[in-house]
Each structure stands twice: as C-alpha cells, then as structure tokens.
Amino acid sequence: MKILFFTVTLIIMISGSHFVQSVIGRVPTFTHAALIWEEQEGTLILQMFGISAAVLAMVLTVLHTMTSAGSSINSIVNAPLNTLAAMRWLISRAKRDEIDLIIHDLKEDKAEMLCQKHSKTFIFLVLSWHVTRTICAYVWDGVGSIVSKVIPLAKYLPK
Amino acid sequence: MKVPSPTEFDLLSALGMREVSGRDLAKRYEEETGKSMSYGTLYTAMRRLKDGGWVTARDDEDGDRRVRYFKLSGAGATALPKLIKLQSDFALGEVVV
C-alpha cells in the first residue's frame, strides 16, 4: 500500500509538472537551454518541485514505517534484511543461496549487537549499511558478468 | 589458475589451511588487514576463487541455518606459497620484468 502511495505520488508530481508546462507553452526538457535560468525559470522550478515532493513522500513513507504504532524492535531492525530478501528475486538462482547465507550472517550480527545493548537505531543503521554494500557488490558483479559476455562479441562488430 | 586480485589474495591469506565459515572469514580478514568487508563482497570473491580452483566450498546445517565453509583446495595450497614468495620477491626488487 505504501509503495503504491509513493509510486502514485511520484507519477502525479512528474505528470503534473509536465502538464502545467505544456499549458503555459514550455517544453519539458533537460536540454542545455533549459538550464539557462532566465529563459526556463518556470520549467526548472516546476520540475524541482515535483522531484522534491516525490522524494519527500518517499522519506515520509520510510519514517512512518519506522515509527508506526505497534512496531517492535524486530520489525524495524529487520527492515534492511527484508529488503535484501526481496532483492534475491532479482538475481540468478545460483547466487540466491549466497543471499540466504548473507541474511543468516547479518541476523547473527544483529543478535550480537542486541546482546551488546546497542540501540535499535544503531542496529538499523549498521544493517542498512551492510545491506547497501551487499547490494552494490552484487550489482557490480552482475555488471562485470554482462561486460565479460559482451566483450567477446566486439570482434563481430564491423571495423 | 587465474591470479587472484589483491583482495582475493588477502582472503586466501586469512583463510590459511583450516576450514572456515564465511562469517568467521570476514572477521579474520578484518583483524588481519584492518579493513572491513561486506558479506556480499566476501561471498562473491570466494565464488570467483572457487571457480578459479583456489578454494573448495562445503555447505552445512547449523541448527536452523545453513553455513558455508571454505578451505584451500589442493592446488590452491600448493600455489599460494609460491604466489606469496613471488610477491615478496617482487616487492624486494628481486624479480625483473
């Protein structure tokens, strides 16, 4: 529901800014001319407003999730782990086992931090940091795999 | 066997001759190098080392969770001391390219 709310907000804001620009006769574009403040001041303001509103909606959604009534320590600190678990569906089957292993290792780290009486905010931030680095590692690995497969095809390009 | 990258070389050095779980290997790497490594980087690097024949991997159950243990392969155990010696000779300037 929250993802739907965020997505709809983003679409409305971007569409709204483009609609208003079309009404007032300006073309919504990020060309070099559009960055000239004196000529495209209205366009730039509308686009910044739309993007800012969408980012604000996203931040408010995340904060609402974190502070909603009935949330326990587990639901908040597990949010990064749930994000990582959701990401496993975007990678190949061979690497999904590794994601499961990583999730288990992070759960052990979480248990250690809870034993050390760290605050839930600290635990959430540490897990978020580790999950972000893990996702970046797999994205980089995926890019490397694609590049290594594409490069041999370069020899078939016309010279 | 493909020559390991500097990070992979540090992982092989931290691995030693014993069988180590992924989590323990990450801690050992941090203690020996002073640098932290995410589990994602560790498992992807160990996968590349396994594909290169440097290490073997074994999955086991520990209660309700799966654990992956890594160990230097026979070829890796033979090649690693030679690679360490080559790197130290290169650092000392005794190897001329």
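**Chat about chains A and B**

Read along the sequence, chain A runs α-α-α-α-α-α.

Me: How many helices and strands does chain A have?
Reply: Chain A has 6 helices and 0 strands. Those are DSSP runs, numbered from the N terminus (helices are H or I, at least four residues; strands are E, at least two).

Me: Anything to know before I go on?
Reply: It's a predicted model: local features need pLDDT of at least 70, side-chain atom pairs count only at pLDDT 80 or more, and totals for chains, interfaces and linings use all residues. Residues are numbered from 1 along each chain as its sequence is written, chains are lettered from A and ligands numbered from 1 in the order in which they are written, and side-chain values use heavy atoms, with hydrogens and water left out.

Me: What share of chain A is buried?
Reply: Of its 159 residues, 27% are buried. Buried is under 20% relative accessible area, exposed is over 50%, and partly exposed is in between (1.4 Å probe, protein chains only).

Me: OK, the interface. How many residues does each chain put in?
Reply: The contact takes 17 residues from chain A and 17 residues from chain B, where contact means heavy atoms within 4.5 Å.

Me: And how many salt bridges cross it?
Reply: The rule finds 5 between chain A and chain B. It asks for a side-chain nitrogen of Lys or Arg within 4 Å of a carboxyl oxygen of Asp or Glu. One of them pairs Glu98(A) with Arg47(B), at 2.7 Å from N to O.

Me: Which helix of chain A gives the most to that side?
Reply: Helix 5 of chain A does, with 12 residues.

Me: Switching to chain B: what covers the buried residues of helix 2?
Reply: The cover includes helix 5 (93-115) of chain A, plus helix 1 (6-15), strand 1 (20-21), helix 3 (39-51) and strand 3 (65-72) of chain B. The buried residues in helix 2 of chain B include Leu25(B), Ala26(B) and Tyr29(B).

Me: What happens just after that helix?
Reply: Gly34(B) takes a positive phi of about 80 degrees there.

Me: Last topic, cysteines. How many disulfides over all chains?
Reply: A search of the whole structure finds 0, counting pairs of cysteine sulfur atoms within 2.5 Å.

Me: Are Cys115(A) and Cys136(A) buried or exposed?
Reply: Cys115(A) counts as exposed because its relative accessibility is 65%. Cys136(A) is partly exposed, with a relative accessible area of 47%.
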